[in-house]
Every structure is written in structure tokens, then in C-alpha cells.
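This report looks at how charged side chains pair up in a protein model, and at how two helices pack against each other. Please keep the structure in view while reading.

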Amino acid sequence: MEPVANPWFSWSYVERNWGDITTAVSQHTTLTIQAMVIAFAIALPLAVLAHGRPRVATAVLGATGALYTIPSLALFAILAPFTGIGRTTVLIGLVAYALLILVRNIVVGLEGVDPDVRDAARGLGYGRARMLLTVELPNALPAVIAGLRVATVSTVALVTIGVVVGFGGLGQLMFRGFNSSYRAEILTATVLTVAIAVVADLLILALGRLMTPWTRTGRAA
Amino acid sequence: MNDSVIEQAFRWLNDPLNWTGRNGILERTGEHLGMSALAVLLAAAVALPVGIWLGHRRKGTGVVVVVANASRALPTFALLLIFASTTIGFGNRPTVLAVAIFAIPPILTNACAGLLGVDADVRDAARGMGMSGRRSLLLVEIPLALPLIAAGMRTAVVQVIATVTLAGLVGGGGLGPLIVTGLGTRRFGEVLAGGLLVAVLCLVAEVLMAGVQRLATPAPMRSIVVRT
């Protein structure tokens with residue numbers, strides 16, 4: 001018997017499964033965006049709290065670090081009995097992993113602010129809150145943006161593991177393709193996942209450049 | 001219901017029959033660690049020489065950054081399924097290979113950074129004492145780079161032990177199948193128990209490797225804490 005053709009690339013696969021592919025892509029991107037927004041909303045206050053308080057910083061970084069050590073599959077497994085099989089479980093897992101990267105980068109960014117700049121602001125009569133909002137955070141932006149980029153790219157890759165609870169975005173297509181030995185489905189989903197990661201990375205990079213115009217005029221921040 | 005899941009998990013963990021014997025927790029843990037060791041060895045065999053050479057030659061930082069970034073964008077799960085769909089076959093083999101490939105970037109970047117971080121004056125001094133390039137590399141540069149090399153190995157080991165769990169999705173062994181089959185059969189006690197076992201294994205590995213990293217650091221350098 002002639003072996004059935006099973007190519008890695010197949011445009012007809014893409015045409016015939018357009019609906020499934022767009023559903024998976026939109027699930028993948030919305031999960032990523034939601035996870036990043038929530039993670040950032042938690043990470044920013046945590047980092048501000050840890051900033052300048054070494055003991056709090058050690059505690060926060062230690063806790064998020066331990067969370068980060070737990071494998072994603074195991075975390076989803078630990079969460080699933082409580083948060084159910086589905087979207088919430090994946091979302092909580094994604095937030096947990098993005099948290100460490102974000103907190104660490106924001107703390108590093110805040111600690112890295114030039115002491116002279118801080119002194120100058122204090123000399124101008126800036127209080128704690130105003131110093132944080134108008135001097136320290138803007139100066140920490142490059143590190144914050146770098147953290148956002150790493151966290152977002154890792155999150156896009158991590159969504160695929162959500163397949164164990166049925167919410168893996170493009171991971172669903174990969175796994176379905178694997179289970180039915182359909183190579184084109186696996187590779188198309190893989191290429192799309194990498195594409196989402198690259199596009200997200202470039203978008204945040206561009207956003208960062210827009211928000212930090214001073215870094216382009218010679219002086220490195 | 002939540003309480004009962006926790007109870008189920010502990011009842012399952014408390015049953016000695018689940019620990020010993022064929023496919024018991026002990027056997028599975030052994031298999032899990034064996035696969036992890038193989039993957040780390042494979043990755044280190046490739047990444048250490050290349051990273052040390054690139055760092056010693058003071059070049060290739062661009063390549064290293066690209067490798068590190070690209071590996072972050074490609075999901076391990078995707079590469080695993082691609083391998084499992086080729087002649088490599090199902091099970092442990094594609095898992096070890098895929099996991100080993102993702103262990104290369106941390107080892108490579110840290111080895112390279114460690115050697116790049118060796119003070120140029122120190123290298124000059126080694127040369128001035130009449131050391132050849134190779135002797136300087138072996139006796140001066142590598143020992144000075146050891147803390148970072150060990151940090152890379154630590155990251156890789158913990159990451160590998162964590163990711164080998166994915167074998168459960170492609171018919172492989174180790175602790176992963178406990179979670180995957182438990183989810184499939186809706187026995188959540190087993191799922192929770194499996195998740196806890198893997199999590200504990202990773203945390204223990206992290207602590208042990210932190211100790212190894214400390215031992216690998218030449219005594220005079222121990223005050224400098226290196227973390228990645």
C-alpha cells in the first residue's frame with residue numbers, strides 16, 4: 001500500500017481549517033493579554049513595596065521564585081481540582097509565572113536609578129510619591145519594558161501547556177494534530193505560536209521606544 | 001468537594017502500594033530523574049564547550065542572545081510533538097531530546113557570560129606569567145567563571161526536571177503520566193498528588209543545585225552571590 005502523504009506544510013489544511021485556526025489564535029492572544037495585564041497590575045505594587053526594603057524584597061522574590069520553580073504542568077494539576085478544568089486555571093498559572101519576571105525586573109529598574117538623579121529630585125522638594133511617579137518609575141522604564149518583553153514571550157509559549165485542561169489556544173491544535181498524526185496541523189500551530197510571540201515582542205519594543213524618547217538621544221538610561 | 005480532593009490526594013499518597021512495585025511512585029521518580037540526567041548531560045555536552053570557547057575567544061555574544069531569545073519563543077510542547085511525530089517515535093526519546101535542546105540556552109549563555117566576565121587584566125597577568133592560552137583557560141579563566149557556569153547548570157537542571165513532566169502527553173514515563181492520566185480519568189486526587197510530587201522534586205532539586213553551585217565556587221569567591 002502506498003503511504004499516505006503527510007506533509008509538514010499544507011496550505012489546503014490552513015484553508016479548510018480556517019475557523020479552528022482563528023478561534024485558537026484569538027484564544028491564545030486573549031489569554032496572553034489578560035495574563036500580562038493582571039500580572040503587571042499585581043507586580044507593580046509588589047515591586048514598589050519591595051523597593052528600598054531589602055527584607056520585603058527578599059520575601060517577595062523568594063516567594064515568586066519558588067512559584068516559578070514549580071513546573072507549569074504540575075501547577076495546572078494542583079490548581080485544576082479547585083479552579084476547574086478550563087480557562088481560569090490556565091490564566092492563574094500564566095499570571096503566576098509572569099509575576100516573577102516582572103517583579104524582578106521592576107525592582108532591578110527601580111534600584112538602578114542614578115542616586116544623583118534621586119538626590120536632585122529630593123533637592124527640588126519632591127516627596128516620596130511624586131519622586132516614585134515622576135522620577136523613579138520613568139527612569140526604570142527600560143528595565144520594566146525588558147521584563148515585559150521576556151514575560152510576554154514566555155507566556156505565549158506557556159499557553160500551549162494549557163492543553164492539559166483543554167484551554168491551550170494553539171496548543172489545542174498541536175495536540176489534536178499529534179493525536180491524529182496530522183503533521184500540517186502541528187507545524188502550522190507551532191509557526192503561528194512563534195509568530196504571535198515575535199509580533200508581541202516587537203509591539204512592546206516599539207511601545208517602549210515611544211515611551212522612552214530620551215534613550216534615543218545618545219545617553220543610555 | 002475541595003476538601004475531599006485534598007483528602008483523596010493524601011489517601012493516594014499514603015497508600016504504600018502506590019509507592020512500591022511496578023509503576024509505583026519510586027520507580028516513576030527514578031525514571032523521571034534518569035531521563036532528566038540524560039537530557040542535562042546531552043545539553044551540557046553541546047553547550048559547555050561551545051559557551052566556554054565563545055567566551056574565551058571574546059566573541060559570539062550576538063549569537064548567544066539570539067539563541068536564548070529564539071528558544072523562549074518556541075514552546076517546548078511544540079518541539080516535543082514535532083519530534084514525536086517523526087521517526088523518533090513516541091515516549092521517552094522525543095521528550096529527552098526536546099528537553100535537552102531547551103536546556104542548552106541557559107548553560108550556553110551562562111558559560112559564555114562567565115568567561116566574558118573574567119577581568120582582562122587577570123588574563124594579561126596569566127599570560128605575563130608565561131601561561132599558554134590553554135593553560136590560562138584551564139587554570140585561570142574557567143575557575144573564575146565557575147560560579148556562573150554552575151548557575152547555568154542549576155537553571156538547566158531545575159528546568160529539565162520540570163519539563164520532563166511533559167512526557168506524560170506523548171506516552172512517555174516519569175511522573176508526568178500521573179497528572180495526565182489523572183486528568184483524563186477525572187481522578188483529581190491523583191492529579192493533585194502527582195502535581196505536588198513534581199513540585200516537591202523541583203524545589204528539592206533547586207535547593208540541592210544551589211548547594212552544588214556553592215561548592216563549585218572557589219572559596220575566596222563565595223561572598224559574591226551569583227543568581228540567574
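A residue is called buried when its relative accessible area is under 20%, exposed when that area is over 50%, and partly exposed in between. The model discussed here is a predicted one. Because its relative accessibility is 26%, A:R149 counts as partly exposed.

**Salt bridges**

A search of the whole structure finds eight salt bridges over all chains, and three of the pairs are set out here.

| Pair | Closest N to O distance |
|---|---|
| A:R149 and A:D201 | 2.8 Å |
| B:R123 and B:E141 | 3.0 Å |
| B:R187 and B:E190 | 3.5 Å |

In chain A, the salt bridge between A:R149 and A:D201 joins distant parts of the chain, since A:R149 belongs to helix α7 (residues 128-159) and A:D201 to helix α9 (residues 183-211), 52 residues apart. Chain A also holds a network of salt bridges that links A:D20, A:R176 and A:E185.

In chain B, B:R187 is partly exposed with a relative accessible area of 48%, whereas its partner B:E190, at 13% relative accessibility, counts as buried.

**Two packed helices in chain B**

Helix α7 (residues 120-128) and helix α8 (residues 133-163) of chain B pack at an angle of about 140 degrees, their axes lying 10 Å apart, and their crossing is right-handed. Among the residues that make this contact are B:R123 and B:V122 of α7(B), together with B:E141 and B:L144 of α8(B). By class, the contact has four nonpolar, two polar and three charged residues.

Which residues form a salt bridge with closest N and O atoms 3.0 Å apart? They are B:R123 and B:E141, and both are buried. B:R123 lies in helix α7 of chain B and B:E141 in helix α8 of chain B, so this pair ties together parts that are 18 residues apart in sequence.

Terms used:
Residues are numbered from 1 along each chain as its sequence is written. Chains are lettered from A and ligands numbered from 1 in the order in which they are written. This is a predicted model: local features need pLDDT of at least 70, side-chain atom pairs count only at pLDDT 80 or more; totals for chains, interfaces and linings use all residues. Side-chain values use heavy atoms; hydrogens and water are left out. Axes are lines fitted to C-alpha atoms, for helices over the stretch in contact, and angles run from 0 to 180 degrees between N-to-C directions. Helices (H or I, at least four residues) and strands (E, at least two) are DSSP runs, numbered from the N terminus. A crossing is left-handed if the near helix is turned anticlockwise from the far one by less than a right angle, and right-handed if clockwise. Contact means heavy atoms within 4.5 Å. Ala, Val, Leu, Ile, Met, Phe, Trp, Tyr, Cys and Pro count as nonpolar, Asp, Glu, Lys and Arg as charged, and the others, Gly among them, as polar. A salt bridge is a side-chain nitrogen of Lys or Arg within 4 Å of a carboxyl oxygen of Asp or Glu. Buried means under 20% relative accessible area, exposed over 50%, partly exposed in between (1.4 Å probe, protein chains only).
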